[in-house]
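Here are my notes on this one, point by point. Have the viewer open while you read, and tell me if anything looks off.

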Amino acid sequence: DMIFLDHMMPGKDGIVTLKEIKADDNGLNRETPVICLTANASSGAREQYVAAGFDDYLTKPIDPIDLEDTLIRYLPADKVEYLNDEAENGRNDEKKTDISVSLKPIVESELIDVSAGIRNSGSVDSYLSMLKVFRDSVFSNENEMVRFISEKNMHGYAVLMCSLGKTAAMIGATGLYEYTVKLENAAKAEDHAYIKKENEVFIAEYLKLHKQLSALDLDSIVV
């Protein structure tokens with residue numbers, strides 16, 4: 001019924017992919033609404049993506065309310081059901097207090113804003129899932145960084161930083177996210193020297209957060 005399509009992807013980006021979808025006369029999705037997902041929140045971004053053929057766009061980290069509004073706007077009316085969520089909101093408020101206690105070590109370290117992470121994720125359960133994804137991908141991402149730098153593959157490095165930054169922002173790791181933006185921009189500028197130097201500092205911070213998350217038994221937290 002609708003497609004969410006990332007802009008920054010390795011190999012073929014979202015705009016190229018969209019053009020191929022729309023150019024396929026026999027394709028099932030020629031008329032399907034396509035929403036661009038992007039970290040680009042600059043002025044005029046919406047006009048840029050609409051001009052490229054997208055129906056709309058959402059900036060990352062995705063705001064749950066904006067996502068819901070977009071689903072309501074573009075899904076067929078018979079696929080949308082409105083619920084009274086007052087009781088659910090009350091339950092989520094209770095969970096926020098509980099989860100802050102459970103995640104006390106990272107709350108106190110100020111490496112993560114747990115409240116922002118829960119807000120970005122939409123629920124405590126989703127937030128815990130995002131933390132696990134972040135924790136479990138650290139070493140593979142580190143290996144990819146090292147490989148891209150050794151190969152001087154700045155496009156691959158920029159895409160990786162963009163993806164990693166989105167996840168960091170989603171879980172509330174604002175400081176780490178801001179670092180990924182600097183490194184992504186440096187990669188786009190082909191600034192090898194800056195990346196080679198600052199990537200080591202970034203990895204140290206990245207591993208520090210991983211160590212704290214690994215010390216928590218995320219699977220046993222009950223909400």
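1. Starting in a loop: glutamate 190 comes out partly exposed, because its relative accessible area is 46% and the partly exposed class ends where exposed begins, at over 50%. This residue is in the loop between α9 and α10 (192-214). Its phi is near 60°, a positive value in a residue other than glycine. Bear in mind that this is a predicted model.

2. Lysine 152 is another one to click on. Its phi is positive, about 55°, although the residue is not a glycine. You'll find lysine 152 in the loop between α7 (124-151) and α8. Is it buried or exposed? It counts as exposed, because its relative accessibility is 59% and the exposed class is anything over 50%.

3. Now the overall picture. The chain has ten helices and three strands, and along the sequence they follow the pattern β-α-β-α-β-α-α-α-α-α-α-α-α. Of the 223 residues, 39% are buried. If you take contacts between residues at least 6 apart in sequence, 60% of them join residues at least 24 apart.

4. On to the sheet. The three strands form an open sheet in the order β1-β2-β3, with parallel pairing. Why do β1 (3-6) and β3 (56-59) each have one side without a neighbour in the sheet? Both stand at the edges with a single partner strand, so nothing in the sheet flanks the other side. On average, neighbouring strands here are turned by 30° against each other, ignoring direction.

5. A closer look at one pairing: strand β2 (residues 34-38) and β3 run parallel and are joined by four bridges. If you want a specific pair to display, leucine 37 has leucine 58 in β3 as its bridge partner. As a reminder, strands of a sheet pair through backbone hydrogen bonds, either parallel or antiparallel.

6. Helix α3 (residues 64-74) lies across β1, β2 and β3. Against β3, helix α3 runs at about 165°.

7. Next, the second largest pocket. About 240 Å³ of space lies in it, and 17 residues line it. Lying nearest its centre are Ala39, Asn40, Cys162, Glu184 and Lys188. The elements giving two or more residues to the lining are β2, α2 (45-51), α8 (154-171) and α9. Which of them gives the most? That's α9, with five residues. By class, the lining has seven nonpolar, six polar and four charged residues.

8. One of those pocket residues deserves its own point. Glutamate 184 is in helix α9 (residues 174-188) and is among the residues nearest the centre of the second largest pocket. It still counts as buried, because its relative accessible area is 11% and the buried class covers anything under 20%. Leaving out residues up to four places away in sequence, glutamate 184 touches Met8, Ala158, Met161 and Cys162. Of these, Cys162 also appears among the residues nearest the centre of that pocket.

Notes. Residues numbered from 1 in each chain as written. Predicted model: local features only at pLDDT ≥ 70, side-chain atom pairs only at ≥ 80, totals over all residues. Heavy atoms only, no water. Buried < 20%, exposed > 50% of the residue type's maximum accessible area, 1.4 Å probe, protein only. Contact = heavy atoms within 4.5 Å. Pairing = 2+ DSSP bridges. Axes fitted to C-alpha atoms, helices over the stretch in contact; angles between N-to-C directions. 1 Å grid on protein atoms, 1.4 Å probe; cavity = no way out; pocket = protein on both sides within 12 Å on 5 of 7 lines; lining within 4 Å. Points joined across faces, edges and corners; volume = space filled by probe spheres on them. Nonpolar A, V, L, I, M, F, W, Y, C, P; charged D, E, K, R; others polar.
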